[in-house]
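Got the viewer open and a selection box ready? Let's take a walk through this one, stop by stop.

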Amino acid sequence: MTKKIALIDSSSAILLHKAGIFDDLASGYRLIMAESVFRELTVEEHSGAEEFKERSKTGVILIRAVEDDDGIHPPPTPPAGSMGAGERDTIILYYKYPHSFVIIDDKKGARFCRENGIPYVNALLMSRILFISGLLSQERFDPSFESLQRIGRYSAAVLHYAEQCDSDELRFFY
């Protein structure tokens, strides 16, 4: 079976890494990251920088360039300056990879995805998806979900949705 493609931004990658479940994500999905995201994650002496470099060397993460003039991605694309380069590039990559989805924890990026019909989740929901789909055991899910609630900057509404959403609502992401 072909793995579903997940395009991930830096804040989501960092959150999932800190929660200890980034490799669980990588085991079930084909992870693609924009070059700008990879640069953000691999700044010397940042937490996880060496791990992300190693994951790219071993093919766990595929790094892709974003070419604004290639004609592949249709409008609308996020205007330059409307969000960080990594979030913008992650969204642009969505148009290059049909049937993919975006993992993004940036509020402006999430809003753009929602307004433009781009399937997306945040790191908190991704942990729940990993659990529901059987890629994460209950013993690993509980502490990771609690960790993400603590370290992520989620509103009360986002936290409530992540705790209460029906698994059928997340089926596209398995």
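What follows is a tour that starts at the sheet and moves out to the helices.

**Before you start: confidence**

Keep in mind that this is a predicted model. Colour by pLDDT if you like: the protein averages 91, and 92% of its residues reach 70 or more. Confidence peaks in strand 4, at 98, and is lowest in helix 5 (residues 85–96), where the mean is 91.

**Stop 1: the sheet**

Show the strands. There are five of them, in an open sheet with parallel pairing, and the order to trace is 3-2-1-4-5. Now pick the two ends, strand 3 (61–64) and strand 5 (120–121): each has a single partner strand, so one side of each has no neighbour in the sheet. As a reminder, strands of a sheet pair through backbone hydrogen bonds, either parallel or antiparallel.

Walk in from the strand 3 edge. Strand 2 (residues 29–34) pairs with strand 3 in the parallel sense over four bridges. To see one of the pairings up close, select Ala34 and its bridge partner in strand 3, Arg64. Moving on, strand 2 is joined to strand 1 by four bridges, and these two run parallel as well. Strand 1 then pairs with strand 4 over three bridges, again in the parallel sense.

**Stop 2: strand 1 and Leu7**

Stay on strand 1. How many of its five residues are buried? Four are, so strand 1 is largely enclosed by the rest of the structure.

Select Leu7, which lies in strand 1. Is Leu7 buried or exposed? Its relative accessibility is 0%, so Leu7 counts as buried. Look to both sides in the sheet: the bridge partner of Leu7 in strand 2 is Ile32, while in strand 4 Leu7 stands opposite Val102.

Now expand the selection to what Leu7 touches. Leaving out residues up to four places away in sequence, you should pick up Ile32, Thr90, Leu93, Tyr94, Tyr97, Ser100, Phe101, Val102 and Ile103. For a distance label, draw a line from the C-alpha of Leu7 to that of Asp89: they are 82 residues apart in sequence, yet 9.8 Å apart in space.

**Stop 3: helix 1, over the sheet and against helix 4**

Next, select helix 1 (residues 10–18). Helix 1 lies across strand 1 (4–8), strand 2 and strand 4 (101–103), and runs at about 105 degrees to strand 1.

Add helix 4 (residues 49–57). It packs with helix 1 at an angle of about 105 degrees, with the axes 11 Å apart. The two helices are therefore roughly perpendicular to each other. Show side chains here: Ala13, Ile14 and His17 of helix 1 meet Glu51, Phe52 and Arg55 of helix 4. By class, the residues in this contact of helix 1 with helix 4 are three nonpolar, one polar and two charged.

**Stop 4: helix 7 and helix 8**

Jump to helix 7 (residues 123–132) and helix 8 (residues 138–151). Their axes come within 9 Å and cross at roughly 175 degrees, so helix 7 and helix 8 are roughly antiparallel to each other. On the helix 7 side, select Ala123, Leu124, Ser127, Arg128 and Phe131; on the helix 8 side, take Gln138, Phe141, Ser144, Phe145, Leu148 and Gln149. The contact of helix 7 with helix 8 divides into six nonpolar, four polar and one charged residue.

Zoom in on Ser127 within that group. At 0% relative accessibility, Ser127 counts as buried. Which residues does Ser127 contact, leaving aside neighbours within four places in sequence? They are Ile21, Leu136, Phe141, Ser144, Phe145 and Leu148.

**Stop 5: helix 7 again, now with helix 9**

Keep helix 7 on screen and bring in helix 9 (residues 156–164). Here the angle is about 5 degrees and the axes are 10 Å apart, so helix 7 and helix 9 are roughly parallel to each other. Select Leu124, Leu125 and Arg128 from helix 7, along with Leu159, Tyr161, Ala162, Glu163 and Gln164 from helix 9, to see the contact. The contact of helix 7 with helix 9 has five nonpolar, one polar and two charged residues.

**Last stop: Ala156**

Finish on Ala156, found in helix 9. With 64% relative accessibility, Ala156 counts as exposed. Draw one more line, from the C-alpha of Ala156 to that of Asp168: these residues are twelve apart along the chain, and the separation is 22 Å.

Methods. Residues numbered from 1 in each chain as written. Predicted model: local features only at pLDDT ≥ 70, side-chain atom pairs only at ≥ 80, totals over all residues. Heavy atoms only, no water. Pairing = 2+ DSSP bridges. Contact = heavy atoms within 4.5 Å. Axes fitted to C-alpha atoms, helices over the stretch in contact; angles between N-to-C directions. pLDDT = per-residue confidence, 0-100. Parallel < 35°, antiparallel > 145°, perpendicular 65-115°, else oblique. Nonpolar A, V, L, I, M, F, W, Y, C, P; charged D, E, K, R; others polar. Buried < 20%, exposed > 50% of the residue type's maximum accessible area, 1.4 Å probe, protein only.
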